[in-house]
Amino acid sequence: MEYIKIEEAASKWGLSIRRVQDLCKMGRVCGAKRFGTNWMVPADALRPVDGRKKGCKETSDTVIPLIRKSPFLDMTDLYSTAGTADAVIDSLAYHPEAQALFSAEIAYSRGQIDQAYAQAKHFLKKTDGFYATISSGMLLGLVAVWKGDVQLWFQAKKHLYDTPWKTEMDRDIISLSIASTDLSIRDTRDFPEWFYRGRFENLPPDAHPAARVYYVKYLLILAQEHAAGRIQLNGVTKLGLLHTLPFIMEPMIAKTIVDQTVMAEIYLRLLCAITYHQIGDETNAVYHLDKAIHLCLADGLYGPLVEHRRQLGLFLDERLLLISPDDAKTVKELHKKLHEGWVAIYNTVMDNNVSAKLSAREREVVRLVAFGLSDEQIANRLHITKSSVKSIIQMARNKTGIKDRNDFGSYI
């Protein structure tokens, strides 16, 4: 159902705004919905014929449908131009629920975790529409990772699992939301078959930009796990899948530009930069990373950069320093908080023993060791000496207790 502002209804019916407000309060405008002090009126609602006649009473379960059929509002075309996040928030004043959700998602992406947490909890306490309910659960899961709050993580997962659904599409949206939450800690164990295959025709078009982002993230994790020898793929060499991924990612990035979905473009460029960086193609890695950085900084969206610093490491720091030293410092400080929380959640949920003590350089070297590169190859890749590589590996061993370099795969 389409809704209009009370001012539009007043103009359409030839009444004063005050009169329409009074009619809504008296329940004489069918389908009218109140958000705080603001009323929204169905676009096809008829003008009440007589103030003495009883009309329709407001019901507590009346919910204005979310303006996009996706719990990932920030990844839809609502956010179509970098630098306009606050303007989008202002433009959603006619739909308070969408405005609050989009504002919470942007707060999260800016690293304003307490604000995102407060808004997510607010939505969990009230009855909202289907997509708003899912979105609040996902936000809660992401916040839990930053806070390292295991109890909150499982609360968010339970909220998503328990969300009522009416159609098969609703059920699949819930599955996608759970998958996106699991992917934040590299958990790929419990996805539906259609997600593993990237088969998204069962989802509403508004959810496709986010679905593509999470699918690419899944493929990157799969490629890294294979490169580290933790899983086997028939007919694929150790780094084979990593080398193939850019041919999948590049067209998807072009699609985000055509669709004008800025947040999806940011995430896909970062994932593409990670892939190019890990296969040693620095030229293309720089191209996509710099594009992503500029898109993020236009609205102060530090979150996506912070989320991927664990894999980009000093490479991200160096590019940020060239573009904005102050923002580089902010990202580094925020990452320290996120990394500690991420390790706590990851180790508990995945029953692992990743150390939060490894430096960015140590994690980078350990990853390349896990991928099967020799000390000489690592030195050439990172433009450092072979003796420096040996020293870094030894420091990583001291911090993790790893004896055999073949066991470093669990630390990437």
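The protein chain exposes about 18,400 Å², and carbon and sulfur atoms supply 50% of that area. The model is a predicted one, so everything below is read off computed coordinates. Of the 412 residues in the protein chain, 55% count as buried.

As for overall build, the protein chain has 20 helices and three strands. Its C-alpha trace spans about 90 × 40 × 35 Å along the principal axes. The radius of gyration comes out at 24 Å, which agrees with the value near 22 Å that a compact globule of 412 residues would have. Contacts tell their own story: taking those between residues at least 6 apart in sequence, 65% join residues at least 24 apart.

Turning to charge, the protein chain carries 53 positive and 49 negative charges, and the mean positions of these two sets are 3 Å apart. Side chains of opposite charge can pair when their charged atoms come close. A search of the whole structure turns up 19 salt bridges, and a few of them are worth walking through.

Start with Arg-197 and Glu-193, whose side chains meet in a salt bridge at 2.8 Å, N to O. Arg-197 counts as exposed because its relative accessibility is 52%, where the cut-off for exposed is over 50%. Glu-193, at 47%, counts as partly exposed. Elsewhere, Glu-168, Arg-171 and Asp-172 are linked in a network of salt bridges.

Other pairs reach across the sequence. Arg-319 forms a salt bridge with Asp-290, with the closest N and O atoms 2.7 Å apart. This pair links distant parts of the chain, since Arg-319 sits in helix H16 (residues 314-323) and Asp-290 in helix H14 (residues 282-297), 29 residues apart. Asp-290 counts as buried, because its relative accessibility is 17% and the cut-off for buried is under 20%.

Glu-362 and Lys-399 make another such pair, their closest N and O atoms being 2.8 Å apart. Glu-362 belongs to helix H18 (residues 360-370) and Lys-399 to helix H20 (residues 386-400), so the salt bridge ties together parts that are 37 residues apart in sequence. The two partners sit in rather unlike surroundings: Glu-362 is buried, with a relative accessible area of 5%, whereas Lys-399 counts as partly exposed at 35%.

Back at H16, the helix that holds Arg-319, the buried residues are Phe-315, Leu-316, Asp-317 and Leu-320. An α-helix has 3.6 residues a turn, so residues three or four places apart point the same way. What covers the buried residues of H16 includes H13, H14, helix H15 (302-312) and helix H17 (325-349). H14 thus appears twice in this part of the model, as part of that cover and as the helix holding Asp-290, the salt-bridge partner of Arg-319.

Between two of these covering helices, H13 (262-278) and H14, runs a loop that contains Asp-281. Asp-281 is partly exposed, with a relative accessible area of 25%. Asp-281 and Asp-327 are 46 residues apart along the chain, and their C-alpha atoms are separated by 25 Å.

How values were computed. Residues numbered from 1 in each chain as written. Predicted model: local features only at pLDDT ≥ 70, side-chain atom pairs only at ≥ 80, totals over all residues. Heavy atoms only, no water. Helix = DSSP H or I, 4+ residues; strand = E, 2+ residues; numbered from the N terminus. Rg over C-alpha atoms; globule rule 2.2 N^0.38 Å. Buried < 20%, exposed > 50% of the residue type's maximum accessible area, 1.4 Å probe, protein only. Contact = heavy atoms within 4.5 Å. Areas by Shrake-Rupley, 256 points an atom, 1.4 Å probe, with all protein chains shown as cover. Lys, Arg positive; Asp, Glu negative; His and termini not counted. Charge placed at Lys NZ, Arg CZ, Asp CG, Glu CD. Salt bridge = Lys/Arg side-chain N within 4 Å of Asp/Glu carboxyl O.
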